Amino acid sequence: MANNRIGIREFVELTVRTGDLNPITSNSNNTAIIGSQIHRKLQAAHRESDYEKEVYLKTAVTVNNEDYQLEGRADGVWTDDTSLTVEEIKTSARPWEEATQNTKDRYWAQARIYGHLLCEQRHLDQATITLVYVQTSTDTVSRFSEVKSAAELADDFTDLLEEFRDWLKLRSDIIKRRNTSIDQLDFPFPQFRAGQHELAAAVYKAIYSQARLFVQAPTGTGKTISALFPTLKAMGTGLIQRAFYLTAKQSTRRVAEQAMALMAQAGLTAKSITLTAKDTITFADEPVDPSKNPYMLGYYDRLKPALHDLLEHEDQLTRPVIETYARKHRLDPFEFSLDASLFCDVIICDYNYLFDPLVFLQRFFSEKDDSNFFLIDEAHNLVSRARDMYTAAITDQDFVQLKKALTPYKSAPLTKVRRAMTRILNTLDATTSTLLTSQPTIFQDDPLDDLTAVLFRFTEVVHDWLSEPPTPALQPAVDLVLPVFFLANQYLRIGDFYDATFKTEVTKENGQIMVKELCLDPSQFVDEALKKGRGAVLFSATLSPMAYFQKLLGGIDNSLAYTLPSPFDPAKQAVIVDASVNTTYRRRTQDLPQLIASLTTLVRTKSGNYLFFFPSYAYLKTAYEAFTAANPDLKVCAQENAMTEADRQTFLDHFQTGSEPIIGFAVLGGIFAEGIDLKGSRLIGVAIISVGLPGINAETDQLRAYFDRANGQGFAYAYQLPGFNNVLQAGGRVIRGTKDVGVILLIDERFITPRYARLFPDHWTHAQVSYNPTQLAQLLTHFWEAHHENTANA
């Protein structure tokens, strides 16, 4: 029974499909970010002595000769000897009148199921079902009630079970095939690479013990397969039913897909899906207006046969697969992927589907579910990403430009929109006049309540305006207003999280006013998100020092840490610190000749492909010009700002085995400093120029001050550790396989100071120091002569 647990919300998602004009996506309603706060507020308002909140309910059902446990939590319940009231609370930005019939039916179905279970449990003849609907954009609370007999509720439940039978058989057949194949599944390689078996065991133990595990596993450990394999094994034993593989980059999502394909070749039969962002996967011929969208109209009428077709013929639901079946059945591909995910065992997606308060997957993460487990890849990226997710900003130009663009459009409701924008602009002007008396930027602890009030009024007015279908002549005005409306809503929603970990930044520069809600410490929010599942493994090649990442990713008090040694022979990688160069901003021009001499020595000692990493585009450009002037015969390429996917691939295509050697100039912490895999002689060395400190700026200084107060480590948390993590990532580009041989040249005299030397990972502790080009040439020559056979055969 424990292996077949189904949440009541998921049960309703699958069974209640009433042919909406267009479906409501799990992450379309951004106001869910304050849903839990509203729940707590309404629950606290009850004064009944017998009021119970968050009442856990479960029941055993048999469908298709299989036993299942259906479980969920009723928001509120109160009873006396003869009567029962069940309260279900729902939140949305849209008015109740605008909610689709499918949405309303799902809300009522969930509440009625709770009523049925309570009538059975407490032996009552009837129940009052109360649906509380909170329109978050106006704080309007609507209450709807109905009285149902226990027999009626039982009949409703039986009808849903009948509808559920087909969906459940589809899912149960998938689980049966999955578990049978997992039981017989062996590790998809002849043997474990060094460290892989230990990592796999640690992941399984974390799932078994419902733990949160931070893992530093150096490049080459095979982290992805070592995390997914034991997770699937735990799935086969019933410890979990679904795994979410969360990543920061598209390249790491592809690695997860490849791992699933590899295990499929070894006999695994499991469903995996890759979720792609809505604006990326939407078909080009889909109109913006859903009422005219042929992929939305009658969506639920076509969904069931489409899901059967997809799931009967495919196991790996990648983007091309989703798009193929979506076109075949005339379904919106994004919506289709979300519905298909309910039947999948492994869901591969971006961080934001769990952590972002504006777009997280409500169907999976609206409440805790111990049958889910999280695998967080390249977890070092989550620190900055989480800060960004909880940071919001607006500028006066957003509203100035909108007012100007709306000039040609005339209507009385639109006049109210213009007036609301004028109030915002007046408030911003007054704010800057009061706060920015002698400096262009200030930070304060408290939010700007006056600004919040006028922004809220603006969203109300726009909402009222949009409630009436626009005339064709005003449709372009709608398209102009919506982006600014969403910006204002985002600011307001992030404001609901505002606490002592935030600062309000007010800036006036070049005549433009900006106000930002700046999140300094997202650890509490990350922690709350990870509590939505049974546990999590957060892994990366660079989680050092571990305590730093545990603190900022919500795990300092409730997690375990595990560090694996590098699986590669350290003798095949030379780590040399060039202490003859000072790369601080004030010394860059002075030490540029010495830098170019060191870089030239590196590439002239051993001909091959190299990458040079710089802390900024400006420094890169300066060094690029000086290096090419000194070495006109060498082939070079350089990273540029805002490169397209094609541009990135062209850059990487230069690095080939057997072709003319290439020297690439790239930015530390950028797109080529992590996630690229240039094995063998495609890359034989990197030079990392500087210790990677982020540029000094006012916001990072606020981070420094915050952590100085919190733990006395402001400089380390704001500047040193994020920068050194970029250094470690760039260094990890060199050795990608057991046969690789290469050099990491760390150019900056600060690398030999205790502050940085103590941060070196174990496989860098054999680092040597050079103080001049002659010494550097000797160290390089000795290393390459010692590995002549390896490089000759590479």
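1. Four bridges join strand 13 to strand 16 (residues 512–519), and the two strands run antiparallel. Strands here are DSSP E runs of at least two residues, helices are H or I runs of at least four, and both are numbered from the N terminus. Two strands count as paired if DSSP finds at least two bridges between them. One facing pair is threonine 395 and methionine 514, the latter in strand 16.

2. A word on the basis. This is a predicted model, in which local features need pLDDT of at least 70, side-chain atom pairs count only at pLDDT 80 or more, and totals for chains, interfaces and linings use all residues. Residues are numbered from 1 along each chain as its sequence is written, and side-chain values use heavy atoms, with hydrogens and water left out.

3. Strands 13 and 16 belong to an open sheet of four strands, with the order 13-16-15-14 and antiparallel pairing. Its edges are strand 13 (392–395) and strand 14 (441–444), each pairing on one side only. From one strand to the next, the twist averages 15°. Axes are lines fitted to C-alpha atoms, for helices over the stretch in contact; angles run from 0 to 180 degrees between N-to-C directions.

4. There is also an open sheet of eight strands. Its order is 10-9-11-8-12-17-7-18, and the pairing is parallel. Strand 10 (316–317) and strand 18 (560–563) are the edge strands, and each pairs on one side only. Strand 9 (residues 272–274) is joined to strand 10 by two bridges, and they run parallel. Serine 272 faces glutamine 316 of strand 10.

5. Which helix packs on this eight-stranded sheet? Helix 5 (residues 196–208) does, touching strand 7 (212–216), strand 12 (372–376), strand 17 (536–540) and strand 18. The direction of helix 5 makes about 165° with that of strand 7. Contact means heavy atoms within 4.5 Å.

6. Now the charged pairs. The structure holds 29 salt bridges. Each is a side-chain nitrogen of Lys or Arg within 4 Å of a carboxyl oxygen of Asp or Glu. Side chains of opposite charge can pair when their charged atoms come close.

7. Arginine 327 and aspartate 285 form one such salt bridge, at 3.9 Å from N to O. This pair links distant parts of the chain, 42 residues apart: arginine 327 sits in helix 10 (residues 319–329), aspartate 285 in the loop between helix 8 (278–281) and helix 9 (299–313). Arginine 327 is partly exposed, at 43% relative accessible area. Aspartate 285 is partly exposed too, at 43%. Buried means under 20%, exposed over 50%, partly exposed in between (1.4 Å probe, protein chains only).

8. Lysine 328 meets aspartate 309 in a salt bridge of 2.7 Å, N to O. Lysine 328 lies in helix 10 and aspartate 309 in helix 9, 19 residues apart. Is each partner buried or exposed? Lysine 328 is exposed at 55%, whereas aspartate 309 is buried at 12%.

9. Arginine 604 and aspartate 633 also form a salt bridge, with their closest N and O atoms 2.7 Å apart. Arginine 604 is in helix 21 (residues 588–605); aspartate 633 is in the loop between helix 22 (617–630) and strand 21 (635–638), 29 residues apart. Arginine 604 is partly exposed, at 42% relative accessibility. Elsewhere, a network of salt bridges links Arg212, Asp527, Glu528 and Lys531.

10. Last, histidine 787. The loop between helix 27 (773–786) and helix 28 (788–793) holds this residue. Histidine 787 is buried, with a relative accessible area of 10%. Leaving aside neighbours within four places in sequence, histidine 787 contacts Ala571, Lys572 and Val741.
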